[in-house]
Amino acid sequence: MRQEFLNSNQAVAEGAMSAGLNVYIGYPITPSSDLFEYLSEKLPERGGVVFQAEDEIATINALVGASLSGARTMTATSGPGFSLMAEGVGFAAMVEAPLLIVNVMRTGPSTGIATQIGQGDIIQSRWSSHGPYNLVVYAPASAQEAFDYTVRAFNAAYIVRTPAVLLSDAVLAHTRERVTVRESHEVEIVDRKKPAEPPSEYKPYRSDSSDMVPSFAYYGEGYHPIAESLSHDERGYYKTDPRIYRNLVERLVHKVERNKAKLVESRSYYTDDADIVFVAIGSMARSVLALVRDLRADGVKAGLFRPISVWPFDDESFVSSISGAKSIVVVELNQGQLYEIVKSVLWERGIKDMSLHKLDMILPELPGPDEILEEINSRGWRLW
Amino acid sequence: MVVVAQKPLHPLDEYLRTDRLPHIWCPGCGLGMILQAFLWSVKELYERGKIDPDKVVFVTGIGCTGRASGFVNFDSAHTPHGRAIAFATGVKLANPKLIPVVFSGDGDIAGIGGNHLLHAARRNFDVLVIMANNMTYALTGGQLAPTTPFTVYSTTTPKGNPDQPLDATKMVYALKPNYVARLSITHPTLIRESIKKALLKRGFRWIEVLSTCSEIFGRHINFRDPYELYERLKKVVKFRRPQSIDDIKYDWDNEITCGTFIDKDDPGWMETYMKMYGLEDKLGGL
């Protein structure tokens, strides 16, 4: 264990190395490139390999190949690169390849503003490509959390055998803070579930256990697994039978939910007696927390619920954090993506006696607490 | 109960998932000959103690050729369209002891996957790519391929192909990887000899194999009969040792140059990188 002064890109890199990263594959893109540069120097010193691919499409497909060959593997990117990866993310989900994608969110859509913060990839990070499946997504809000949740996200990827996404942002990426770096032996590392059966009986997509996750034979071990991007049965054989398709894809969808207790994470601030609960993630949550403290100083009973696992969403903690509240304000740098998640949780839980507000701030910069307050006032809501 | 060892019906059965046969390929298709040449090569190299089949990772993309990954009894992958080379790159990065082999079609490798091909070749990255070229998008019903000859009909160019075709072998030749060959299913023994050689080499190895699709490409050019299409292909296949890149022709009406165009032994990407960073102990021979 050691103390370092790192920005979140560096903290992610340190977290990944402590989590056992072997292969980093990347394509340069602002504001994630310095993470790539940092690992280019540090990872080979630990015996790992760093590879610059020709584009993000190559990156994600190489990650899948590396993952199935036994490497702990990751990349870091930003919006345009994450969009290019979508096809391969669906492939990774289909063949159940654990890997980590760090999306350092910048201003979108399209090329947007490369150096500025955005939060427009929240919905995209939950599903990414066409077709039904679920990913696991964590959104840290400090350099320390960037370290901690990189380790956690790697573990999540191996717990459910699916890609995990770490949603960082341009402000977080380049804000330096003190970070406690733990070495590999000081963090919990979840490994693959090894096959118990001999190769002749191995079925790469069969799960007998309640977690719905198949055991994982790497390439080169004699098990001859097929990574099949087509609909497939337990052996990995292409099948169009609706029942076989349903068995497979329902498992891809539900295995994240099934393992939810091991995956969910959130933090609540001042919510015990709060009349108004804000919801925000990442850097935005830091500004909102400052606003909550300002409001408290003025006698307003405000609180903050900060989802860290964006998917699966920690709805239990969320519901208890709003149990005494009258209104919820979701604050984000987009058209209301986190708002949609919150709205669906309230609907599913049958919570109707609550006024829900969407503070959609479509800005290419992180607002301070005063600017958020100003925005609230400009909407004419009577919150306090 | 007495278990009687089942005698295989064919000497290559151990390299096939026989429960998945028959394959999807049409009568007259040349793809089976290329796959067979590959399987014979692995079998022979294994029997000579040169290769461990459990270390072969057989990677395909999408298309008729792409379906081969489902038929073979190796570690395998049927990747998204065009991504086989990228996937194989990750396999080698993760475990240098593995032998990734990309086996896919012209649309997959030279069309949608062209960028990956270009960069893997210029890096001399340690992967063997076998590209079956039937000059059409066969599985989707006969649309234009990057390799379709100039002015030839396809379902998406009903008045003939206005594009000049891509000579993928000529492009790879220009990038000077360790091994570059173009062969044809009309000369099957040469395919087998070439694959055997390429399997044992480091760096990037490229083998294009001209193939026949009588069902679609043949029908489009009025060579619906497999035998006639085979003869037609044989007529344009010319084996030469090129003196310069301009000697490599891809002309369906006169000559498609075949032969081994490059055979050298420079260090591949893996060896170069691992030595730069003092990681050569992780390299695993082949």
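Trainee: Why are H3(B) and H5(B) called oblique to each other?

Mentor: This is a predicted model, and in it helix H3 (residues 84–94) of chain B and helix H5 (residues 114–123) of chain B pack at an angle of about 40°. Under 35 degrees would count as roughly parallel, and roughly perpendicular runs from 65 to 115. The angle of about 40° fits neither class, so the pair is oblique.

Trainee: And how far apart are the axes of helix H3 of chain B and helix H5 of chain B?

Mentor: Those axes lie 8 Å apart. On the H3(B) side, the contact is made by B:Ile85, B:Ala86 and B:Thr89. H5(B) brings B:His116, B:Leu117 and B:Ala120.

Trainee: What makes B:Ala86 and B:Ala120 part of the nonpolar count, and B:Thr89 part of the polar one?

Mentor: Ala is on the nonpolar list, while Thr is on neither the nonpolar nor the charged list, so Thr counts as polar. Altogether, the contact of H3(B) with H5(B) has 4 nonpolar, 2 polar and no charged residues.

Trainee: Over to chain A: how many residues of domain 1 touch domain 2?

Mentor: Domain 1 (2–186) of chain A puts 24 residues in contact with 19 residues of domain 2 (265–379) of chain A. Their C-alpha centres are 26 Å apart.

Trainee: What supplies the largest share of the domain 1 side in chain A?

Mentor: That's H5(A), with 4 residues. Other elements supply at least two residues each, including strand E6 (113–117) and helix H7 (170–173) of chain A. By class, this side of domain 1 of chain A has 15 nonpolar, 7 polar and 2 charged residues.

Notes:
Residues numbered from 1 in each chain as written. Chains lettered and ligands numbered in written order. Predicted model: local features only at pLDDT ≥ 70, side-chain atom pairs only at ≥ 80, totals over all residues. Domains from an automatic or database assignment. Contact = placed C-beta atoms within 7 Å. Axes fitted to C-alpha atoms, helices over the stretch in contact; angles between N-to-C directions. Parallel < 35°, antiparallel > 145°, perpendicular 65-115°, else oblique.
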